[in-house]
Amino acid sequence: MAKFHTLDVYHLGQQQLRDIAGVTGDVRFGDLANQLRRSGISVVSNIVEGAGRGSDAEFIRFLCIARASNDELAAQVEMLAAITGGDHAAVLDRNAILGRKMSALIKALRNGR
């Protein structure tokens with residue numbers, strides 16, 4: 001089983017947390033800002049928990065949960081942009097890259113690497 005510190009998806013998830021902190025710092029929509037932060041935390045937490053589970057099947061299960069949280073986060077960033085009129089294209093681009101990398105990792109694990 002991979003150590004989470006060695007995984008690109010972990011580091012991309014950490015970058016996404018920094019992105020979210022940057023775009024939610026001055027947001028007056030507290031519930032949305034809090035949910036964005038929770039979704040970002042969920043992505044990273046599920047990657048780490050899955051990596052520590054000890055089996056590829058469990059890791060895949062947690063990566064699927066992380067990927068769903070990543071999709072949720074993308075929708076929330078789009079909502080934030082609609083409400084504030086902000087341009088968060090760079091955040092969404094990095095979010096999409098993370099989603100693709102998680103999908104590729106899931107596929108590799110399913111295929112025995």
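At 9% relative accessibility, Asp19 falls under the 20% cut-off and so counts as buried. In this predicted model, the side chain of Asp19 meets that of Arg94 in a salt bridge, with 2.7 Å from N to O. The pairing ties together distant parts of the chain, since Asp19 sits in helix 1 and Arg94 in helix 4, 75 residues apart. Arg94, for its part, comes out at 35% relative accessibility and therefore counts as partly exposed. As a general matter, side chains of opposite charge can pair when their charged atoms come close.

A search of the whole structure turns up four salt bridges. Another of them joins Glu49 to Arg53, with the closest N and O atoms 2.6 Å apart. Both ends of this pair are partly exposed: Glu49 has a relative accessibility of 37%, and Arg53 has 40%. Then there is Glu58 with Arg61, whose side chains meet at 3.4 Å, N to O. These two both belong to helix 3 and are three residues apart, or about one turn of the helix. They, too, count as partly exposed, Glu58 at 25% and Arg61 at 41%. Through shared partners, salt bridges knit Glu49, Arg53, Glu58 and Arg61 into one network.

Turning to the nonpolar interior, the largest core has 15 residues, and those with the most contacts inside it are Leu7, Val9, Ile47, Phe59, Leu63 and Met102. Helix 1 (8–24), helix 2 (30–51), helix 3 (56–84) and helix 4 (89–110) each give two or more residues to this core. Apart from it lies another core, made up of ten residues, including Val27, Leu73, Val77 and Val91.

Helix 2 can be checked for its length. At 1.5 Å a residue, its 22 residues should span 32 Å, and the end C-alpha atoms are indeed 32 Å apart, so the two values agree. Among the buried residues of helix 2 are Leu32, Ala33, Leu36, Val43, Val44 and Ile47, along with Ser39, Gly40 and Asn46. Seen down the helix axis, the buried residues of helix 2 fall within an arc of 165°, which means that they line one face of the helix. What covers them includes helix 1, helix 3 and helix 4.

Asn46 gives a closer look at that helix. Its relative accessible area is 10%, so Asn46 is buried. Leaving aside neighbours within four places in sequence, Asn46 is in contact with Phe62, Ile65 and Ala66.

How values were computed: Residues numbered from 1 in each chain as written. Predicted model: local features only at pLDDT ≥ 70, side-chain atom pairs only at ≥ 80, totals over all residues. Heavy atoms only, no water. Core = buried A, V, L, I, M, F, W, Y, C linked by side-chain atoms within 4.5 Å. Buried < 20%, exposed > 50% of the residue type's maximum accessible area, 1.4 Å probe, protein only. Helix = DSSP H or I, 4+ residues; strand = E, 2+ residues; numbered from the N terminus. Expected span 1.5 Å × (residues − 1). Arc of directions from axis to C-beta. Contact = heavy atoms within 4.5 Å.
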